[in-house]
Amino acid sequence: MRMTTQDWAGECIAYSDMKLLLRLVGSDPIKNARVEGEFLSRILVQVHKVNLCYIHKEKAQKQLLEKLAPMLENPVTWVMQPLEQVPPGATLEVLLPMLVPDIHVTADKVEAVQQFVGLCRQMDMLRKFSVVNYMAITKIVKKHDHVSRVRLKDVVNKIVNSQQMYSSQLLGDIFTQVQSIASTIMIALSGQDRECITLETQCCSCSEKLVVPASLSRGQSFCYGCVAQALGDEQEERIVEKATAPDLEHEATQIVEKATA
């Protein structure tokens with residue numbers, strides 16, 4: 001997971017570099033004009049880069065889910081023997097190492113579940129990737145507008161909000177389907193009643209269907225746009241800076257949970 005995190009961080013907005021560029025803004029109007037042009041050019045290029053990365057990864061996750069879904073459907077028919085003891089609150093990832101091939105499920109099903117758990121991790125990273133980059137863009141544009149007479153907030157926000165990384169419903173649909181598959185597997189492996197497992201399909205903030213979901217460790221799910229709005233102007237810059245570094249997974253979780261506390 002750490003290697004994956006490193007790879008994802010390399011696709012993030014170069015927040016520190018953009019902040020250094022803004023330090024060049026001074027009293028010289030000619031120099032400032034060059035800095036302004038460079039800043040706007042960089043921010044647009046990076047928004048495009050992040051959005052393309054998001055689209056690519058979202059598409060890959062959709063394709064993998066389409067491959068795995070038929071293999072994992074109706075698990076009551078392929079679970080050979082339920083697990084004897086399931087830890088309270090255990091996830092499918094926790095149960096995976098407990099599966100013994102050809103005792104609990106066949107070897108090919110173990111492999112399919114492994115791939116599915118990997119998909120869940122990647123999907124979670126994609127959601128956090130979206131939140132982190134949106135916050136980095138918002139923060140750096142705010143810094144720009146603070147030191148410059150040129151106001152970019154409304155223009156950049158309009159551009160970002162039109163990107164798939166912000167507005168996509170596909171990840172929300174993937175999220176819902178993944179939850180459904182995971183819950184049915186958990187039911188078959190643990191012998192739980194279906195009623196014991198709930199699916200989050202609505203945002204806990206706006207009550208609409210989830211758009212680029214952000215889930216908290218305490219079990220709540222939000223649209224990432226709602227999370228971004230909840231952060232407001234008081235979000236610590238330290239968190240945004242760290243979130244665009246290799247510790248993406250941990251820091252992004254901090255951002256989401258702090259915003260919705």
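This report describes how the helices of one protein are arranged and then looks at a few of its individual residues.

The model is a predicted one. The protein has 11 helices and 2 strands, and their order along the sequence is α-α-α-α-α-α-α-α-β-β-α-α-α. Of the 261 residues in the protein, 44% are buried. If one takes the contacts between residues at least 6 apart in sequence, 71% of them join residues that are at least 24 apart.

**Helix packing around α5**

Two packed helices are described by the angle between their axes and the distance between the axes. Helix α5, which covers residues 107-147, takes part in a pairing with helix α6, residues 153-161, in which the two axes come within 10 Å and cross at roughly 165 degrees. An angle over 145 degrees counts as roughly antiparallel, and α5 is therefore described as roughly antiparallel to α6. The crossing of these two helices, α5 and α6, is right-handed. On the α5 side the contact is made by Tyr134, Ile137, Val141 and Asp145, while α6 contributes Lys153, Val156, Val160 and Asn161. Sorted by class, the residues in this contact of α5 with α6 are 5 nonpolar, 1 polar and 2 charged.

Helix α5 also packs against helix α8, residues 170-190, at an angle of about 145 degrees and with the axes 11 Å apart. The crossing of α5 and α8 is left-handed. Here α5 supplies Phe116, Leu119, Cys120, Met123, Leu126 and Arg127, and α8 supplies Leu171, Ile174, Phe175, Val178, Ile181 and Ala182. The contact of α5 with α8 is made up of 11 nonpolar residues and 1 charged residue, with no polar ones.

**The buried side of α2**

An α-helix has 3.6 residues a turn, so residues three or four places apart point the same way. Helix α2 covers residues 15-22, and its buried residues are Tyr15, Met18, Lys19, Leu21 and Leu22. These buried residues lie on the same side of α2, because they cover an arc of only 155 degrees around the axis.

**Two loop residues with positive phi**

The backbone angle phi has a positive value in Asn74, a residue other than glycine, and Asp102, which is not a glycine either, also has a positive phi. The loop that holds Asn74 runs between α3 (29-72) and α4 (92-95), whereas Asp102 is found in the loop between α4 and α5. The table sets out the values for these two residues.

| Residue | Phi | Relative accessible area | Exposure |
|---|---|---|---|
| Asn74 | near 50 degrees | 45% | partly exposed |
| Asp102 | about 70 degrees | 52% | exposed |

The two residues fall into separate exposure classes because exposed means a relative accessible area over 50%, and Asp102 has 52%, while Asn74 has 45%.

**Gln164 and its partners**

Gln164 is found in helix α7, which covers residues 164-167. With a relative accessibility of 29%, Gln164 counts as partly exposed. Leaving aside residues up to four places away in sequence, Gln164 touches Asn51, Tyr54, Ile55 and Glu58. One of these partners, Ile55, is 109 residues away from Gln164 in sequence, yet the two C-alpha atoms are 7.0 Å apart in space.

Conventions: Residues numbered from 1 in each chain as written. Predicted model: local features only at pLDDT ≥ 70, side-chain atom pairs only at ≥ 80, totals over all residues. Heavy atoms only, no water. Axes fitted to C-alpha atoms, helices over the stretch in contact; angles between N-to-C directions. Helix = DSSP H or I, 4+ residues; strand = E, 2+ residues; numbered from the N terminus. Parallel < 35°, antiparallel > 145°, perpendicular 65-115°, else oblique. Left-handed = near helix turned anticlockwise from the far one by under 90°. Contact = heavy atoms within 4.5 Å. Nonpolar A, V, L, I, M, F, W, Y, C, P; charged D, E, K, R; others polar. Buried < 20%, exposed > 50% of the residue type's maximum accessible area, 1.4 Å probe, protein only. Arc of directions from axis to C-beta.
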